[in-house]
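Here is a quick tour of a predicted model. Have the viewer open and follow along.

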There are 2 protein chains.
Amino acid sequence: MKPAALPTKEWIIQQAATLFNTKGYYACSLSDIMEATQLKKGGIYNYFRNKEEIALAAFDYSFQLVLQRFRSKLNLAETSWEKLHIIIDVLASMAFEPVITGGCPIFNISVEAPRLDPALALKARQGMQMLTRYIEIKLEEGELQGEFSCSRSYEEIASTMVGSLEGANIVARTLNDAERLHWAVNHVKEYLVQNCQKP
Amino acid sequence: MKPAALPTKEWIIQQAATLFNTKGYYACSLSDIMEATQLKKGGIYNYFRNKEEIALAAFDYSFQLVLQRFRSKLNLAETSWEKLHIIIDVLASMAFEPVITGGCPIFNISVEAPRLDPALALKARQGMQMLTRYIEIKLEEGELQGEFSCSRSYEEIASTMVGSLEGANIVARTLNDAERLHWAVNHVKEYLVQNCQKP
């Protein structure tokens, strides 16, 4: 039930965000959102023109939750090296303690992107760019500050890190074996040691 | 249009396999299959009881195409070391020259599995098990034949290989940058060198 203090529009966005992140953007219908919010079609259309508009707002909301988790953990770190390790742990945490039911919202929208409307597919791309770009920045910072020197391009290291963790997520989930995600976390941390050599 | 020599049941399976592999198992409807096959509902229900039965047959068909590609390429190799490299290349080839429109069928059904009926989710698991298990067998064979010795469990090496390639697939597709898949292929081959040491 909607908390009294929460504006209806926010309530719709929050309920829809969970639905989209579990059922998928394509499969989740307006009826699903009506049922979850206990609102009639007109009550939803007061705030949004169509399902896509709800989906875009719901993704933005989920994305903010991801950013919040990154920020709250990254604040605890000082060096770029520590920050890179926190990024790895936060990405892995999305599988077991997700910020929103259903797992990592960026990962989920990305696997669905080829079937989605262009505006939603663009959100997937922007989310993925944020993840990889943020790692690239930390790699560059670490080099500038003399913490380590990278033996490959920032793009390649970031891409390998994100890809390995996202893929392990699928393998672990499909085989119902969480150990496989832990292997990937260790693997990515070793990869970082190999490719960012300390002086 | 259906080739005259092709039995109607096979025609339905082949058309449905492409649809399921592009639109997804959840989103693809019986109407989509009717349109693609140019058959009426009754014409399809002569052969299948429901959409799920078509989906199961369609996945089995797609899976056979994957196996065929593996077999045809693996026949060219002699050593386990060569075979492991071919498995990597075949997995990567599923993105650019897929055996069926839409990319790797095992990968596609796996990302959708949490939303699918148990029988289809089981197909995803069996497909993923086949991929990882096959790599494990080649690792064990290579060790037995004295080609190399593995510094981690077969399960861990296989899981890391499959996860890295599948994840890179998503990253490359989402960012529309094929280079990222090539990076992953090189990364997995280096990982193999590091973890399967030649005597």
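## How the copies meet

The copies meet through the same surface, because 100% of the interface residues of chain B are also interface residues in chain A. Each side brings a matching count: 32 residues come from chain B and 32 residues from chain A. On the chain B side, α6 (105-112), α7 (118-144), α8 (154-174) and α9 (179-195) each put in at least two residues. Of these, α8(B) gives the most, with 14 residues. If you sort the chain B side by chemistry, you get 15 nonpolar, ten polar and seven charged residues.

What about the symmetry? Chain B lands on chain A after a rotation of 180° with 0.0 Å of shift along the axis, and the RMSD is 0.0 Å. The two copies are therefore related as by a two-fold rotation axis.

## Helix α9, in both chains

Start with α9 (residues 179-195) of chain A, which has 17 residues and runs 24 Å from its first C-alpha to its last, close to the 24 Å expected at 1.5 Å a residue. Its buried residues are A:Arg180, A:Leu181, A:Trp183, A:Ala184, A:His187, A:Val188, A:Tyr191 and A:Leu192. The cover over them includes α5 (80-96), α8 (154-174) and β2 (196-197) of chain A, along with α8 of chain B.

Now flip to chain B. The end C-alpha atoms of α9(B) are 24 Å apart, which agrees with the 24 Å that its 17 residues should span at 1.5 Å a residue. Among the buried residues of α9(B) are B:Arg180, B:Trp183, B:His187 and B:Tyr191. Here the cover includes α8 of chain A, plus α5 (80-96), α8 and β2 (196-197) of chain B.

## The nonpolar core

Nonpolar side chains tend to be buried together in soluble globular proteins. In this model, the largest nonpolar core has 107 residues, and the ones touching the most other members are A:Ala16, A:Met161, A:Leu165, B:Ala16, B:Met161 and B:Leu165.

Zoom in on one of those: which residues does B:Ala16 contact, leaving aside its neighbours within four places in sequence? You'll find B:Ile33, B:Ile54 and B:Ala58 there.

## How far to trust it

The model scores ipTM 0.91 and pTM 0.92. Chain A averages a pLDDT of 94, and 100% of its residues score at least 70. Within chain A, confidence is lowest in helix α6 (residues 105-112), at a mean of 90, and highest in strand β1 (residues 149-150), at 97.

Methods. Residues numbered from 1 in each chain as written. Chains lettered and ligands numbered in written order. Predicted model: local features only at pLDDT ≥ 70, side-chain atom pairs only at ≥ 80, totals over all residues. Contact = placed C-beta atoms within 7 Å. Helix = DSSP H or I, 4+ residues; strand = E, 2+ residues; numbered from the N terminus. Nonpolar A, V, L, I, M, F, W, Y, C, P; charged D, E, K, R; others polar. Core = buried A, V, L, I, M, F, W, Y, C linked by C-beta atoms within 7 Å. Buried ≥ 20, exposed ≤ 12 C-beta atoms within 10 Å, placed from the backbone. pLDDT = per-residue confidence, 0-100. Expected span 1.5 Å × (residues − 1). Least-squares fit on C-alpha atoms with pLDDT ≥ 70 in both.
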